[in-house]
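Work through the exercises below with the sequence and the model open beside you. Try each task before you read its solution.

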Amino acid sequence: MANAHKHKLRGIRGIDDATWDAFDEATKAASTDRSAVVRAWVDYFLHRTNELPERPPAGPWSTRPPE
C-alpha cells in the first residue's frame, strides 16, 4: 500500500494530553522527536546501551500539569 507505514503502530496508554504535548515540545527543543526518545529509553531500560538519552534543558514543559 502506498501510505502504509513500515513499522507497526505502538500505543502508549495512561499519558494525558497535556503531558504528551509537553513531551512533543521538549523533544522539538532537543532537535529530535518523541519516537526517537522513546526508542532510546527502551534500549537503555533493556540494557542494550549504557548511554542515558540526553534531556533538553528545563523549560515550560518541566512543570507537572494540575490533576
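**Exercise 1: Before the helices**

Ile15 belongs to the segment before helix 1, where helices are DSSP runs of H or I with at least four residues, numbered from the N terminus. This is a predicted model, in which local features need pLDDT of at least 70 and side-chain atom pairs count only at pLDDT 80 or more, while totals for chains, interfaces and linings use all residues. Residues are numbered from 1 along each chain as its sequence is written, and side-chain values use heavy atoms, with hydrogens and water left out.

Task: state how accessible Ile15 is and how far in space it lies from Asp33.

Solution. Begin with the classes: buried means under 20% relative accessible area, exposed means over 50%, and partly exposed lies in between, with a 1.4 Å probe and protein chains only. Ile15 has 36% relative accessibility and therefore counts as partly exposed. Then take the distance: Ile15 and Asp33 are 18 residues apart in sequence, and their C-alpha atoms are 17 Å apart in space.

**Exercise 2: Two helices that meet**

Task: find the angle at which the axes of helix 1 and helix 2 cross, and name the residues that make the contact.

Solution. First, locate the elements: helix 1 covers residues 17–29 and helix 2 covers residues 34–45. Axes are lines fitted to C-alpha atoms, for helices over the stretch in contact, and angles run from 0 to 180 degrees between N-to-C directions. The two axes come within 9 Å and cross at roughly 95°. Angles of 65 to 115 degrees count as roughly perpendicular, under 35 as roughly parallel, over 145 as roughly antiparallel and the rest as oblique, and helix 1 and helix 2 are therefore roughly perpendicular to each other.

Next, list the contact, which means heavy atoms within 4.5 Å: helix 1 contributes Trp20, Phe23, Asp24 and Thr27, and helix 2 contributes Arg34, Val37 and Val38. These residues divide into 4 nonpolar, 1 polar and 2 charged, given that Ala, Val, Leu, Ile, Met, Phe, Trp, Tyr, Cys and Pro count as nonpolar, Asp, Glu, Lys and Arg as charged, and the others, Gly among them, as polar.

**Exercise 3: One residue of the contact**

Task: decide whether Thr27 is buried or exposed, and list its contacts beyond its neighbours within four places in sequence.

Solution. Thr27 lies in helix 1, and with a relative accessible area of 2% Thr27 is buried. Once the neighbours within four places in sequence are left aside, Thr27 is in contact with Thr32, Asp33, Arg34 and Val37.

**Exercise 4: Around helix 2**

Task: describe the span of helix 2 and say which residue takes a positive phi just after it.

Solution. Helix 2 has 12 residues and reaches 16 Å from its first C-alpha to its last, close to the expected 16 Å; the expected span is 1.5 Å times one less than the number of residues. At the start of helix 2, a side-chain oxygen of Asp33 comes to within 3.0 Å of the backbone nitrogen of Ser35. Just after helix 2, His47 takes a positive phi of about 60°, although His47 is not a glycine. His47 counts as exposed, at 68% relative accessibility.

**Exercise 5: The loop**

Task: where is Ser31 placed, and is Ser31 buried or exposed?

Solution. Ser31 sits in the loop between helix 1 and helix 2. Ser31 has 69% relative accessibility and counts as exposed. Its phi is near 60°, a positive value in a residue other than glycine.

Note on methods. Helices (H or I, at least four residues) and strands (E, at least two) are DSSP runs, numbered from the N terminus. A polar contact is a pair of N or O atoms within 3.5 Å; within protein, one must be able to donate a hydrogen and the other to accept it, and residues adjacent in sequence count only if both atoms are side-chain atoms.
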